[in-house]
Amino acid sequence: MNALVEISKKIISSRSFNTFIFLLILASVVLIGAETYPRIASAHSDLFHLLDRLIIWLFTVEITLKIIARGSKPWEFFLDPWNVLDFIIVAVCLVPSSDTHFFAVLRILRVLRILRMVTFFPKLRLLI
């Protein structure tokens, strides 16, 4: 278990991992923006759905790695309000699509993924 913790710490602290997550957030934002155009959305709905699911699962892996990196104190992940926000956004996105209005409203909260960019710009955090 200790090796897994060390590997997780090494991954989440690497510059390439953080760059990848940042690019994933940008891709997510572009995807959400493209979905707002009915012609584009209807022409590529299957691709958009696949990309959306892939992005959400990659965010899930990111959060899992960050929790594992906490070792024997995984709850410490939730002491950072930005981690809590990330967790909530990803959890809401994992809620399966449904025809009910309640779930449709929750799915709209995917736009909050844009706020994840704040974690990459410390000065932007201060403004918010």
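In the predicted model, Arg 53 and Asp 52 form a salt bridge in which the closest N and O atoms are 3.6 Å apart. Asp 52 has a relative accessible area of 2% and therefore counts as buried. Lys 66 is likewise engaged in a salt bridge, its partner being Glu 62, with 3.2 Å between the closest N and O atoms. Lys 66 and Glu 62 are four residues apart in helix H4, so that about one helical turn separates them. Glu 62 has a relative accessibility of 3% and therefore falls in the buried class. With a limit of 4 Å between a side-chain nitrogen of Lys or Arg and a carboxyl oxygen of Asp or Glu, the count of salt bridges comes to two. Side chains of opposite charge can pair when their charged atoms come close.

The protein chain contains seven helices and zero strands, and the order of its elements from the N terminus is α-α-α-α-α-α-α. Of its 128 residues, 30% are classed as buried. The chain exposes about 8,400 Å², of which carbon and sulfur atoms supply 72%. When contacts between residues at least 6 apart in sequence are considered, 63% of them join residues at least 24 apart.

Helix H4 comprises the 24 residues 45-68. At 1.5 Å a residue, this helix should span 34 Å, and the separation of 34 Å between its end C-alpha atoms therefore agrees with expectation. The buried residues of H4 include the acidic residues Asp 52 and Glu 62. Also buried in this helix are Phe 48, Ile 55, Ile 56, Phe 59, Thr 60, Ile 63 and Leu 65. A nonpolar patch on the surface is formed by Leu 47, Leu 50, Leu 51 and Leu 54, which together have about 360 Å² of accessible area. Of these patch members, Leu 54 is located in helix H4. Leu 54 has a relative accessibility of 49% and so counts as partly exposed, since that class lies between the 20% limit for buried residues and the 50% limit for exposed ones.

Helix H2 has 21 residues and reaches 30 Å from its first C-alpha to its last, close to the 30 Å expected at 1.5 Å a residue. Its buried residues are Phe 17, Ile 21, Phe 22, Leu 24, Ile 25, Ser 28, Leu 31, Ile 32 and Ala 34. These buried residues pack against H1, H4 and helix H3 (38-43). Ile 25, which is situated in helix H2, has a relative accessible area of 0% and is therefore buried. The C-alpha atoms of Ile 25 and Ile 55 are 8.4 Å apart in space, although the two residues are 30 residues apart in sequence.

The largest nonpolar core has 13 residues, of which Ile 21, Leu 24, Ile 55 and Phe 59 touch the most other members. Two or more residues of this core are given by each of helix H2 (15-35) and H4. H2 provides the largest share, six residues.

Further contacts involve helix H1 and the loop that follows H4. Ser 8 belongs to helix H1 (residues 2-13). With a relative accessibility of 1%, Ser 8 is therefore counted as buried. Beyond residues up to four places away in sequence, Ser 8 touches Leu 65, Ile 68 and Ala 69. Of these partners, Leu 65 is among the buried residues of H4.

Arg 70 occupies the loop between H4 and helix H5 (81-94). Its relative accessibility of 34% places Arg 70 in the partly exposed class. Apart from neighbours within four places in sequence, Arg 70 is in contact with Glu 76, Phe 77 and Asn 83. The C-alpha atoms of Arg 70 and Val 5 are separated by 7.2 Å, while the two residues are 65 residues apart along the chain.

Conventions
Residues are numbered from 1 along each chain as its sequence is written. This is a predicted model: local features need pLDDT of at least 70, side-chain atom pairs count only at pLDDT 80 or more; totals for chains, interfaces and linings use all residues. Side-chain values use heavy atoms; hydrogens and water are left out. The expected span of a helix is 1.5 Å times one less than its number of residues. Buried means under 20% relative accessible area, exposed over 50%, partly exposed in between (1.4 Å probe, protein chains only). Contact means heavy atoms within 4.5 Å. Patches are made of residues with over 30% relative accessible area and no salt bridge: like charges are joined within 9 Å, nonpolar side chains (Val, Leu, Ile, Met, Phe, Trp, Tyr) within 5 Å. Accessible areas come from the Shrake-Rupley method with a 1.4 Å probe; for residues, only the protein chains shown count as cover. A nonpolar core is a set of buried Ala, Val, Leu, Ile, Met, Phe, Trp, Tyr and Cys residues joined through side-chain atoms within 4.5 Å.
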